[in-house]
Each structure stands twice: as C-alpha cells, then as structure tokens.
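User: I'd like a close look at one part of this model. Here it is.

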Amino acid sequence: MTTIAEFMTAKHGACDDEFAVAEENALDGNWGKTETAFNAFHNGMAQHFKIEEDVLFPALASAGGPSGPVQVMLMEHTQIRGLLDEMAAAVTEKNEQEYSGLSETLLIVMQQHNHKEENILYPIMDQILSKEREALFVRMQAI
Amino acid sequence: MKMTSLSTDQAPPIGVPLRFFAVAPIFIVLAALLLAVGGGNPFADMHSPALLAATHCITLGFMAMVMLGAIQQLLPVVIGSPMPASRLVAWFTFLPLMAGTLLLSGGFMLGKPELLNLAWPLLGLAFLVFIGASLLSLARATAQNATKTAILFSVLSLIMAATLGMLLARGYATGAPLPYAKLATAHISMALGGWVLLLAIGVSYQVIPMFQLTPNYPRWLTASLVPALFTVLLLNLALLLPESVPGWAKYAAEILFWLLAGCFAAVTLRLQNQRRRRVPDVSLSFFQLGMASLLFAALLSLAAMLWPAAHNYLRALSILVFLLGFGLSIVQGMLYKVIPFLVWFHLFRGGVKAVKVGVPNMKEIIPEPWMWRHLWLHGATLLAVLLASWWDAAAWVAIPGLLLQGALLSYGVFTGISVYRRTLKRIEQAEA
C-alpha cells in the first residue's frame, strides 16, 4: 500500500516538472506557455499545501504528533506563497529578469522544504498515523 | 525520532559561514602573487618553493577555508545535527587556519624553518577543533544517509592528511631524516583523494538531485562508492609502508582508485545530462567542468602508469587538474549558489517588515554576468596551467588568470555582503 511519504513525494515531483517547464519558457520569452505551466505549477502547489494544512497537519496534531516541525513547515509555506505571488506578478508583467531571479530563489526554498518533509515529516506521519491512513487518503484525494 | 533539523534556529548566524567565504578568495590572489614573484616558470618544476607555497594557499587558504565554513552550515541541514558551540568553533577554526596558512606559505616561499614551526601547531589546532566538533555532531545525528557516511569518511581522511602534513612541515623545519617522498604521497592522497573527493561526493548526493532537478544517484552507488574509495585509499597507504612492494600491486590499487573516482564523475555528468531544469545555471556549469576535470585527472594518472618515460610529468599534471579543475571548480560553483541563498534566507527572517521593504531575489545579490565571466576565465586559466608545464609563456596567462579569479570572487562575495548589510539596515529602519 502507498505510504503518505510516497504519495506526497510524487506530488512534489509533479510540481517540480511544471516548475521547470515554466522557467524554461519564461527564459525563452515564451509567455503563453509560461503562463500555462506556471498556473499548473501554482495550482499544484496550492493543492499540495491544502492537503497538508487541512488534512495532514491537523491529523498529526490530534494524534499527539510534534507541533514544532509543523510550525516551521507552515512558516515556509508562507515564504513560498509570497514568492509564488511575486512570480505570478512577473508573469503578468512578462518580466523575464524578475521571473528568473524569483524562480531561482523559489527553487532553493522549495527543495529544502520538500527535502525536510520527505525525509523527516512524512515518515513521522506514516508512523503516527498508520491506523487512520486509509481514511486520510480518501480525504486527501478529494482535495 | 529527533526533529531538530526542522528548526530554523539550527542554522548558525550568517556571520559564521560568511567570514570564511570572505577571506577565502584573498588566498587565491595571494597564491597568484606568490607564483608571480617566485621567478621563472613555477609550473615547470613541481617542487619549486613558489608552487608549494601557492598550492597550500589554494588548498588550505581557499578550499579548506570554504569547506570548513560550509560544513558548519551544512551539518544542521543535511544530518539534522548542528555543530556544538558554533561561534566558538568558528573562531577557533577560522583564525588559526588563516594564520597557519599564511605562516606555512611564507615558510615555504622564504625557506624559513621558524615560520613552518609556527605554522604547523596553528593548523593542527584549527583542524583539531573542526574535526572534534564535526565528529561530535556526526555522533549525535540520528539521520542515517549516504551523505553522513561520506562526511564521516571525509573527516577521517582529514585526520590523516592533517597529521601527515604537520609531520612533513615539522620535518622540513627541523631537517629530520624522514621518508619525505612517501609521506608526501600519503599526504596528497588523503587530502585530495580522501578529504576533498569524499566530501564532494557526499555533498553532490544531496545538492545535485535537489537543485539541478536530476534523477537521484543510483542506490548501488550511494551505498558502496564512498566506503570502497576509503578502503582503496587505505590500501594505497598500506602499500607505501613496506620497503619493496611488487609494482603490479601498487598499480592495481591506484587503478582501482581512479576507476572509482572516474565512475563518480561519469555518473554525475550523466545525471546532469538528464536534468529536468534546462535553463543556464552557472553553478551547474562549474560542477560540470569539475566533473570533466576529474575524469581527465583519472585519464592522466592512468596514462602515467602506461607510459613510464613521462610518469612524473603526467602524475603532476593529474594532481594539478584534480586540484584546479575539479576542486577549485566545484568549490567556486558552490559558493555562487550558497552566498546568494544565505543572504536571501537571513534577510527573509526579518519577517513582515522584510517583505514590506523588499528582499532582493537570489539573482539580485551577486550580478550573474560576472559569475559567467568568472567561469570562462577559470576555464582559460585551467588550459593555460596545462600548457604551462612545457610552454613557459602560458605561465604568464595562468598566473594573471588565477589572480583575476580571486579578485572576481572577492568582488562577488563582498557585493553579496554589502547587499545584505544595506537591506538589513533598511529593514531595521522600517522597524524603528
């Protein structure tokens, strides 16, 4: 059976793909394709955050899981959302230089964040939430 | 399970890594100046005092300086365990490393034993503090991954490289009868093949898939490469001990080392070729140049074994290519990624006020065109160094090339620091 770690890690990978396509097109000045890929990426990230913030984090908290790491993850979500908003503005303005700098910054922030989730937080969730995993998957897939 | 790595307070203050990064490029400039005043073509004689002094400016003053600073930043993130007493450890590695390197290079250059006698205890202190603190941090870490193993073996190699180095420096100073050639071989092999290569491998396991969006390194490689390389290095050391060893045994052990190192370079280049992020990235290009150089260094060493007449010449070239092509490329490439990120990260911690004032993005911290110029300059310098061993005129391209590289990197680091200071001031004023 799929673990939370596997399910969520696959979502990170899918977001990375859209991220790379959007960035490549922005640097080529191909704004139509950039907009499509960026929107897919932006929506993917929003959906991913929603799964974590509405389903996984509360479930971890009510199962008595550690709250410190979740606080850090939430703070990083805010950071990432800020960068995504700025990137959306750069797409609207068709500002290649601004997009490329923000994209570079987001990549590092996002990859560090994903790394911590994939290697620490998700495995903790798989441990603590093993009994209710199936019910959680139903809710996660509904988002 | 320990969750320490998720705390943002684990990262040391920005001043800890930046002080190492700010001083390091000055040693590249110093190395170039030593080569310039050494007289003649310093690359023609691998034992020339100027080349020995300059080499240590680069290995200790630049590479070790950056690596020590970076590891203090890296350990909390990668293995979830910070260095104990980070400020104290930073000062007690930074100051003696800087002073020790200056004295050692001065001692080599001027042939003054008293300088060498001052240098080796200081360098010993710097490495002792660093090694102690990193072993403690590794022992406390609960995370188990290939990077942790690589850092551990790299630090173990550093213990041997530093001990042998101190022994050699003290020997040169006192004129003690020591098997210098064998000790120097062992010192170089543990310093470059052990400490530098194993650390580079461990860092690559994390950094390349994460930031260049490549597939992960294959499991067979991450599980076995570093322990295999370390074993082969020990085997090479053991073969230095007896009076006479059959030639084939030495060759076999050395071939094995270069095959393993070459395998790492080839796999890395292949992964980079499969990257999903296709945009130009100067750090990536520095890394690719580094990996291609590692392959070339392996070929030169293998050629040296096949061609006894040119053995010493090819081996010396192999070491130069490893040091300047592999080591210098990846360390510089890494700095160009790490410094903008650290500046952004620490400014962003200013919270709401920082967002209101506007934190510069990573490409607004060090101007990108200068990084690309640096890459081209580095490639040209490397080519000139290769030619300089038999064509004197090329030395006069290599030396200014090195000097300019140090200057460019200094400019980059100080630009980063001044952007940090300026923005921080604006954030503080907004708070007032």
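In which helix of chain B is Asn312(B) found, and what does the side of chain B that touches chain A look like?

Analyst: Quick ground rules: this is a predicted model, where local features need pLDDT of at least 70, side-chain atom pairs count only at pLDDT 80 or more, and totals for chains, interfaces and linings use all residues. Residues are numbered from 1 along each chain as its sequence is written, while chains are lettered from A and ligands numbered from 1 in the order in which they are written.

Asn312(B) is found in α10 of chain B, residues 311-348 (helices are DSSP runs of H or I, at least four residues, numbered from the N terminus). Asn312(B) counts as exposed because it has 11 other C-beta atoms within 10 Å; the cut-off for exposed is 12 or fewer, with C-beta atoms placed from the backbone. Ser301(B) sits 11 residues from Asn312(B) in sequence and 9.7 Å away in space, C-alpha to C-alpha.

Now the interface: 21 residues of chain B are in contact with 24 residues of chain A, contact being C-beta atoms, placed from the backbone, within 7 Å. On chain B's side, α6 (180-211) and α10 each supply at least two residues, and α10(B) gives the most, with three.

As for α6(B), its 32 residues reach 43 Å from first C-alpha to last, close to the expected 46 Å (1.5 Å times one less than the number of residues). There's a kink of about 40° in α6(B), centred on Ser204(B), the bend being the angle between axes fitted to the seven residues ending there and the seven starting there. Following α6(B) is Leu213(B), with a positive phi near 50°.

Back to your second question: the side of chain B that touches chain A divides into 12 nonpolar, four polar and five charged residues. Nonpolar here covers Ala, Val, Leu, Ile, Met, Phe, Trp, Tyr, Cys and Pro, charged covers Asp, Glu, Lys and Arg, and polar covers the others, Gly among them.

Conventions: A residue is buried if 20 or more other C-beta atoms lie within 10 Å of its own, exposed if 12 or fewer, and partly exposed in between; C-beta atoms are placed from the backbone. Two residues are in contact if their C-beta atoms, placed from the backbone, lie within 7 Å.
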